[in-house]
Amino acid sequence: MDKRLFYLLNSARHRVYKHADQKAEEALGISVTQLGALMLITANEGCLLKDLAQSLNLNNSALTGLAARMEHNGLIERRACEMDGRASRLYLTLLGRSKIDSARPLISQLNAAMTEGFSEQEVLVILRFLNRLLSEF
């Protein structure tokens with residue numbers, strides 16, 4: 001058993017992301033990053049572009065391109081911020097909302113696949129570990 005924790009976390013993150021991205025493209029016609037953006041916008045309708053960048057851990061230029069593609073594909077609508085004309089607020093379109101609804105079974109399948117073979121207690125330990133990493137680093 002490989003015990004190189006940093007290597008394993010990095011490799012696992014990459015493989016899971018690649019797998020999820022492929023499944024999202026096949027099932028929904030969008031990337032897993034776009035799906036994540038849609039879900040974050042749903043939770044905070046009218047959020048600023050910069051807030052989405054921070055939540056997705058993307059730099060501003062990468063998020064600007066992502067938002068432009070999503071707007072071009074009819075998933076989101078960008079509106080100028082009333083408080084700051086230089087800033088954009090993001091809103092879901094009906095198509096964007098439908099992608100989220102269509103994604104729910106896929107998300108359940110991915111979560112089930114990742115936890116398959118682990119007891120409920122083991123999954124709780126994994127979740128505690130991952131949440132600790134997110135809060136400590």
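**A guided tour from S31 to the largest pocket**

Select S31 first: leaving aside neighbours within four places in sequence, S31 is in contact with D21, A24 and E25. The model on display is a predicted one. S31 itself belongs to the loop between helix 1 and helix 2. Is this serine buried or exposed? S31 is buried, as its relative accessible area is 14% and the cut-off for burial is under 20%.

**The nonpolar core**

Next, select L38, I41, L52, L63, M70, I76 and L90. These residues have the most contacts inside the largest nonpolar core, which has 26 residues in total. To see where the core draws its members, colour helix 1, helix 2, helix 3, helix 4 (60-72), strand 3 (88-92) and helix 5; each of these elements gives two or more residues to the core. Which of them has the largest share? That place belongs to helix 2, with 5 residues.

Now centre the view on M70. With residues up to four places away in sequence not counted, M70 touches Q34, A37, L38, L75 and I76. Of these partners, L38 and I76 are, like M70, among the residues with the most contacts inside the core.

**The two cysteines**

Select C47 and C81 together and display their sulfur atoms. How many disulfides does the model contain? The count is 0. The sulfur of C47 has its closest cysteine sulfur in C81, at 11 Å, which is too far for a bond, because a disulfide requires the two sulfur atoms to lie within 2.5 Å. C81 is likewise in no disulfide. Both residues are out of view on a surface display to a great extent: C47 is buried, at 5% relative accessible area, and C81 also counts as buried, at 6%.

**The largest pocket**

For the last stop, select A12, R13, V16, M114 and L130. Of the 39 residues that line the largest pocket, these lie nearest its centre. The space in this pocket is about 2000 Å³.

Extend the selection to helix 1 (5-28), helix 2 (32-43), helix 3 (49-56), helix 5 (94-115) and helix 6 (120-136), each of which supplies at least two residues of the lining. Which helix gives the most? Helix 1 does, with 11 residues. Finally, colour the lining by residue class: 28 of its residues are nonpolar, 8 are polar and 3 are charged. One residue to pick out here is R13, which lies among those nearest the centre of the pocket.

Methods
Residues numbered from 1 in each chain as written. Predicted model: local features only at pLDDT ≥ 70, side-chain atom pairs only at ≥ 80, totals over all residues. Heavy atoms only, no water. 1 Å grid on protein atoms, 1.4 Å probe; cavity = no way out; pocket = protein on both sides within 12 Å on 5 of 7 lines; lining within 4 Å. Points joined across faces, edges and corners; volume = space filled by probe spheres on them. Helix = DSSP H or I, 4+ residues; strand = E, 2+ residues; numbered from the N terminus. Nonpolar A, V, L, I, M, F, W, Y, C, P; charged D, E, K, R; others polar. Buried < 20%, exposed > 50% of the residue type's maximum accessible area, 1.4 Å probe, protein only. Core = buried A, V, L, I, M, F, W, Y, C linked by side-chain atoms within 4.5 Å. Contact = heavy atoms within 4.5 Å.
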